[in-house]
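Please look over the model below before reading my comments. The points are short and can be checked one by one.

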Amino acid sequence: MGKKRQKIVLPPELPPEVPDDEVEISDDDINFVRQNREYAALLKNLDTKSINKHVTRVADLKEDAVEDLYEKRPRKRPREEEKKGKTIEVDPVDALPVKTLDGDLYYRTFPMDSKNEESEHDSEAAADGENADGNMVKLSKAEKRAKFKKMKKEAKKQLKEGVNLEQLHTPQAEVLDEVRKDLTLEEDNERKKYKLAELGTALLMDPEANIKSLKEIIQICNHGDHEILILGLKSLFAIFRDIIPGFRIRLPTEKEKEMKLSKAVKKLRFYESTLLSSYKAYVQKLIALEKDNACRRVAMRCICMLLEAVPHFNFRDSLVAAVVRNISSQDDIVRKLCCGAVKSLFTNEGKHGGDATVETVQKIENLVKDNDCQLHPDSIEVLLSLYFDEDLGKPETSEADNKMNKKSRTKNFKELNHATENEKNKNKKEMMLKTREEINAELKAASFAKDMEEKKRIQSDKLNAVFLIFFRVLKHASMHSRSEASSSAASCSRPLLEPCLKGIGKYSHLLDVSFMFDLLKHLRELAGGGENLNASSECHSTNLTVTERLQCCIVAFKIRRKNLDALNVDFQEFFVHLYNLILEYRPGRDEGDVLAEALKIMLCDERHHDMQRAAAFIKRLATFSLCFGSAESMAALVALKHLLQKNVPCRNLLENDAGGGSVSGAIARYHPYATDPNLSGALASVLWELNLLSKHYHPSVSTMASGISAMNTANNQILHSKASPQQAFIESSLDKESFVPKCDGKMPRIKRKQGKKSAKSVGTRLTNLDAANLMDENAIKKKLSQHFLLIRDMTENKRLRSELGRTTSCLELYEQFRRHKRSKS
């Protein structure tokens, strides 16, 4: 059977291509298409892919080329072969064949499964489609299998390369993710900042209408970062400072909640309850942030400023406890903030009525007790800002009361004469008294001022707590000084002793007389360094410092001055301590202004001194002036001058007799190392030190010494000195910084000798002097730099040696601990 050759049907010729720029579309065509869109719906259903495929397959080809193309393509199998390919032949055993007229045998067949057929058809169609785009010839099965294997290999390679690329690009992706997160966080922070500003301004404008915004601000603070948290805390502080009322808020009880209320009262209660709950949450947040190092300063600043602004409001106890807890903090900023808040609380008692002051002082007393007096001095110095009303306990008497008493007496005298009128007046008086009592009770309830009895109670509690602190510090210092004296160990730190002594000197006049003797006893022990008077002065260095002992003497004399009529105590021991402490003073170690204050209070302000004691102090001060600088010398000379002015017989020390002063007293010989001034025999000595002091390099010291030595021994000579040792010390210490001692620039005279050799030697000396004066400044600078570099290296070497010693001692202690532990095990 011959096969007919199929005719090739060429597609219709395409219209000539016209560029889009040259195509002209009129407005009428556009309007027609818009109006008749339904007619153009058939264009949507066209199979554009098959049209494009058919057109591109034979486009731009000539007729001969198209024929060659179809010749190269494999011919289609006959339908019978296709049917055979789609059927399965049965085995000859199963069924008998059929023999045709031509003699061919045909076995029975069955059709293939539809699933397998579809899968094979899809795979072949996919392979044909892939090849149709690139090659216009169908692939055989072997080629398709080879191509399929190749595609698998390429897919595996691409997967491996993709994993490597992902591994390479992961850091970049992480960086991009971080950048995106940062951008989102910044946007979120900006949004929260604007939100805080909006809520804050709305609250300040109308607190009652926008009171719910407080909870939103607190939520923003809880869920924000560090910057948002700080802004939220500051915003809440500004809001609460403005909207908190001037009274404490009392929440309603359960019975009051059950009562029927008006809308205004319900609104007010809702406002107060919301304000109080938000304020409580804010205070708790600040106290929680107290332990956070990043936000600690901001939180403590808000706590201190809240305590200063609203000390009368609720939750004051929490604020006071937080402030007192950090009053001795190692952070200087936090400590200064807390001390400032406590001082403002003490000075502004009108805001809280004094209750907060008592509470704060009691908490400070507990803090001192818990820490065994080992706190920063600022924690006690704040007590110096307390105010005590001295006239509070005195009875109030006025002229009006006296007039009323006189009138009442005259009325009582008349009432005795008129008995009938008295009965009528009694009823009237009773009515008047009742009405007055009711009015006074209402005024007390309405007024914010405290009653006199309440004020007295507050002041007594305050004073008791303050002196409990002072006595505890004194007892602690005296106990440690005794233990040190017995064990001869190094002195321990007493940081609270100095502010405690200042407080005792300021408030001692408010203390009861029964406590004065115990107080002076402790001060006497501390001034002696915790030792007996018979002990040698060599052991004093192991106890209190000279400055602390001088302060004890100063406080004792302040107590004596303020309670002059009530006390009958001998202060001779304090004079003995001062007499010995003058020699133990060292300028770099001890404070000169404390010594000057002691000289002023104990020597200059005293009205009368014993002659032996005054002479001993005069001689000791003159010796002291020779040993130290101009400031200490001026303070000592001023005190010496005061003693000579008040004690005329002591002016005999200015005489220059062969055997000492003209008035020797009971002791005929001077003992410079005596510990008691009454046993020194200073009247038998002469003030020869003034002759040396008159040649002092400082002009003020020389003039003062020459003026004292020129004093006359006449009793009628009246001399007054307005300057005090403190004032002289301060002025001299200020002048010391700018004072430059004068030096003589005269050249030494050179005697001329006869002969040429002497003239030559003089000439050589002069040339050498000129060369020395004209030395190069650079050489001097180099020498000075080398000198200071050497000093710096020495200090660094000293520091390193001390560190090495500390580390070796620590290692030795550790080795001892390990040995002890091994021996136990």
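**Notes on the predicted model**

1. Start with Val 23. Its relative accessibility is 42%, so Val 23 counts as partly exposed. The cut-offs matter here: buried means under 20%, exposed means over 50%, and partly exposed is in between. Val 23 sits in the segment before α1, the helix that covers 27-35.

2. Which residues join Val 23 in a nonpolar surface patch? They are Val 18, Ile 25 and Ile 30. With Val 23, they make a patch of about 330 Å².

3. Now the whole chain. Please keep in mind that this is a predicted model. The protein chain has 30 helices and four strands. Of its 825 residues, 30% are buried. The chain exposes about 57600 Å², and carbon and sulfur atoms supply 54% of that area.

4. Contacts along the chain deserve a look. Take those with a separation of 6 or more: 72% of them link residues 24 or more positions apart.

5. Next, the interior. The largest nonpolar core has 144 residues. Which of its members touch the most others? Phe 470 and Leu 523 do.

6. Phe 470 is worth displaying with its partners. Leaving out residues up to four places away in sequence, Phe 470 touches Ile 380, Leu 383, Cys 500, Gly 503, Ile 504 and Tyr 507. Cys 500, Gly 503, Ile 504 and Tyr 507 are also among the buried residues of helix α19.

7. Why is α19 described as largely enclosed by the rest of the structure? The helix spans residues 497-507, and eight of its 11 residues are buried, so the description follows. Besides those touching Phe 470, the buried set includes Leu 497, Pro 499, Leu 501 and Gly 505.

8. Two serines can be compared. Ser 235 lies in helix α8, residues 226-243. Its relative accessibility is 24%, so Ser 235 counts as partly exposed. Ser 702 is in helix α27, residues 699-709. At 12% relative accessibility, Ser 702 counts as buried.

9. The surroundings of each serine follow. A polar atom of the Ser 235 side chain lies 2.7 Å from the backbone oxygen of Leu 231. The C-alpha atoms of Ser 235 and Ile 217 are separated by 8.7 Å, and these residues are 18 apart along the chain. Ser 702 is in contact with Leu 693, Ser 694 and His 696, leaving aside neighbours within four places in sequence.

Definitions and conventions. Residues are numbered from 1 along each chain as its sequence is written. This is a predicted model: local features need pLDDT of at least 70, side-chain atom pairs count only at pLDDT 80 or more; totals for chains, interfaces and linings use all residues. Side-chain values use heavy atoms; hydrogens and water are left out. A nonpolar core is a set of buried Ala, Val, Leu, Ile, Met, Phe, Trp, Tyr and Cys residues joined through side-chain atoms within 4.5 Å. Buried means under 20% relative accessible area, exposed over 50%, partly exposed in between (1.4 Å probe, protein chains only). Contact means heavy atoms within 4.5 Å. Helices (H or I, at least four residues) and strands (E, at least two) are DSSP runs, numbered from the N terminus. Patches are made of residues with over 30% relative accessible area and no salt bridge: like charges are joined within 9 Å, nonpolar side chains (Val, Leu, Ile, Met, Phe, Trp, Tyr) within 5 Å. Accessible areas come from the Shrake-Rupley method with a 1.4 Å probe; for residues, only the protein chains shown count as cover. A salt bridge is a side-chain nitrogen of Lys or Arg within 4 Å of a carboxyl oxygen of Asp or Glu. A polar contact is a pair of N or O atoms within 3.5 Å; within protein, one must be able to donate a hydrogen and the other to accept it, and residues adjacent in sequence count only if both atoms are side-chain atoms.
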